[in-house]
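Colleague: I would like to go through this structure with you and ask, for each label, what justifies it. Could we set the values against the cut-offs as we go?

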Amino acid sequence: MKLDKNFIGFYIFALVLPLPLPLIVLSIAAGLLILNCFFLIKKPIGIDFLSLLFLLFFLSDLLSLVFSGRSFFENTIINDVKIICSVLPILIFNIKDKLKLKSIQKSILDIFTGGVLVYIVYCILYYFYFIYTHPRYTVQIDNYLFWAIENNFPGTFHRSYIGAYIVFSSVYVLRNFLRLKNVKLKALYGLIFLLELCAIFFLGSKLTMGIFLWVNTLLLLKNYRVLVIPLFLSVLVGFFLIKEWIFKSLTKSYYDRTVFFSRSVEIIDENFLFGIGEKNILKHTVTINDVVTTLIPHNSFLKELLSNGFLGFSILTSLLGYVIYLAFKTNNSLFQYFLVLVISLCLIEDFMYLQRGLFFFIFFTVFFCNTSIRKNLV
């Protein structure tokens, strides 16, 4: 794989995004990406409708604060995680002509996939190291493995996010496997897909497991139906191995989210137009199994309604609606699968408001929207 040195910031960000590193490292990588874009701009800066929508999303906290009349000292004025929304879309739009080369597009996606593989291999190696250094533990797939990964492996992060990265990477890998003629490369992508298939059950969330099966089945049905049966059999084995964890986790997750949802709706009903401000969400609590816990919406749309009311919700849905329109207008299946993944996660997580979720969404959204990727990508 030959890399273009003019896009080193893109390559670094794509690699760092899925790695088990502190968030400050990801922020530095985002800074290098933005700096890289500045160096590539050689003409007066223009702005497109997508960039305007991202800018409004960035300003939604400030806009709702101003219109609501809440105190500036008690509310979020600028959400630091969302700062990237005000800069990156405009910059990528102004260098899109330089991103049209097939080699650059493919390199970015290959490097991201490489980062996902590093995370998977890291967990595998550290798991065996952990077992070796803690011989009193027994290997129980349903219970011990998940506990070990979530509580002991340094740098590992929430399974919804690594699950999202694995799913997106798997679709890209499977597309390459189906389209390539080179036997060696085809075999390589096939092995990577099998590794990601195994990893999704031990690193991903329940939803990302389901999305993995859904989107890759759709891809196989369009291109190579004979592989659908082996995929389903592999998935059944995976679900069987972790069935105990899935059933226990599903029950708890469903109950917790219904409590969070009910309380969120009550607050939204009283503050529909402009919300209560992001910081004020933390002042509300719920009781789950006699334990008092901070209100966490676990839904990006509820989160926006709570924070900024109907004003912010309108901006968020307009942004997502326009992105969906662009994905179907270009008929880019990889982009469409990406959006299915992101929007599904937005329904059960505050995906658009945490760094690993928002950076993933904005980077690949502006990447797809500003490249003729369907025509150029292998």
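**From values to labels**

Colleague: Why is Arg263 called partly exposed?

Modeller: The relative accessibility of Arg263 is 27%, and a residue is buried under 20% and exposed over 50%, with partly exposed in between. The value for Arg263 falls between the two cut-offs, so Arg263 is partly exposed. Please keep in mind throughout that this is a predicted model.

Colleague: What makes the contact between Glu266 and Arg263 a salt bridge?

Modeller: The side chains of Glu266 and Arg263 come to 2.9 Å, N to O, and a salt bridge needs the nitrogen to be within 4 Å of the carboxyl oxygen. The distance passes the cut-off, so the pair counts as a salt bridge. The two residues sit 3 residues apart in helix α11 (residues 243-270), which means they are separated by about one helical turn. Residues three or four places apart in an α-helix point the same way, because there are 3.6 residues a turn. Glu266, at 43%, is partly exposed, because that value also lies between the two accessibility cut-offs.

Colleague: How do you know that the length of α11 agrees with that of a helix?

Modeller: At 1.5 Å a residue, the 28 residues of α11 should span 40 Å, and the C-alpha atoms at its ends are 41 Å apart, so the two values agree. Among the buried residues of α11 are Trp245, Ile246, Val259, Phe260, Ile267 and Ile268.

Colleague: What makes Asp110 and Lys106 a salt bridge, and where do they lie?

Modeller: Their closest N and O atoms are 2.8 Å apart, which is within the 4 Å limit, so the pair qualifies. Asp110 and Lys106 are 4 residues apart in helix α5 (residues 102-133), again about one helical turn. Asp110 has a relative accessible area of 16%, which is under 20%, and it is therefore called buried.

Colleague: Which other residue of α5 could we examine, and is it buried or exposed?

Modeller: Thr113 is also found in helix α5, and with a relative accessible area of 4%, under the 20% cut-off, it is buried. Beyond the residues up to four places away in sequence, Thr113 touches Ser169, Tyr172, Val173, Ile192 and Glu196.

Colleague: Why is the pair of Glu278 and Lys303 called a salt bridge at 3.6 Å?

Modeller: The closest N and O atoms of Glu278 and Lys303 are 3.6 Å apart, and this is still within 4 Å, so the pair is counted. The pair joins distant parts of the chain, since Glu278 is in helix α12 (residues 278-281) and Lys303 in helix α13 (residues 300-330), 25 residues apart. Both Glu278 and Lys303 are buried. Over the whole structure, the search finds 5 salt bridges.

Colleague: How do you know whether Gly312, in helix α13, is buried or exposed?

Modeller: The relative accessible area of Gly312 is 0%, which is under 20%, so Gly312 is buried. Leaving aside neighbours within four places in sequence, Gly312 is in contact with Ser60 and Glu304.

Colleague: What makes up the nonpolar surface patch, and which helix gives the most to it?

Modeller: The patch, of about 680 Å², is made by Ile8, Ile12, Ile24, Ile28, Leu32, Leu35 and Phe39. The elements giving two or more residues are α1 (8-16) and α2 (23-40), and α2 gives the most, with 5 residues. Ile24, which is placed in helix α2, has a relative accessibility of 56%, and because this is over 50%, it is called exposed.

Colleague: How do you know that strands β1 and β2 are paired?

Modeller: Pairing needs at least two bridges, and β1 (residues 285-288) and β2 (residues 291-294) share 4 bridges in the antiparallel sense, so they pass. One bridge partnership is that of Thr285 with Thr294 in β2. The two strands form a hairpin with 2 residues between them, and Asn289 in the turn has a positive phi of about 55°. On β1, Val286 and Ile288 make the covered face, whereas Thr285 and Thr287 make the uncovered one.

Methods:
Residues are numbered from 1 along each chain as its sequence is written. This is a predicted model: local features need pLDDT of at least 70, side-chain atom pairs count only at pLDDT 80 or more; totals for chains, interfaces and linings use all residues. Side-chain values use heavy atoms; hydrogens and water are left out. Buried means under 20% relative accessible area, exposed over 50%, partly exposed in between (1.4 Å probe, protein chains only). The expected span of a helix is 1.5 Å times one less than its number of residues. Patches are made of residues with over 30% relative accessible area and no salt bridge: like charges are joined within 9 Å, nonpolar side chains (Val, Leu, Ile, Met, Phe, Trp, Tyr) within 5 Å. Accessible areas come from the Shrake-Rupley method with a 1.4 Å probe; for residues, only the protein chains shown count as cover. Contact means heavy atoms within 4.5 Å.
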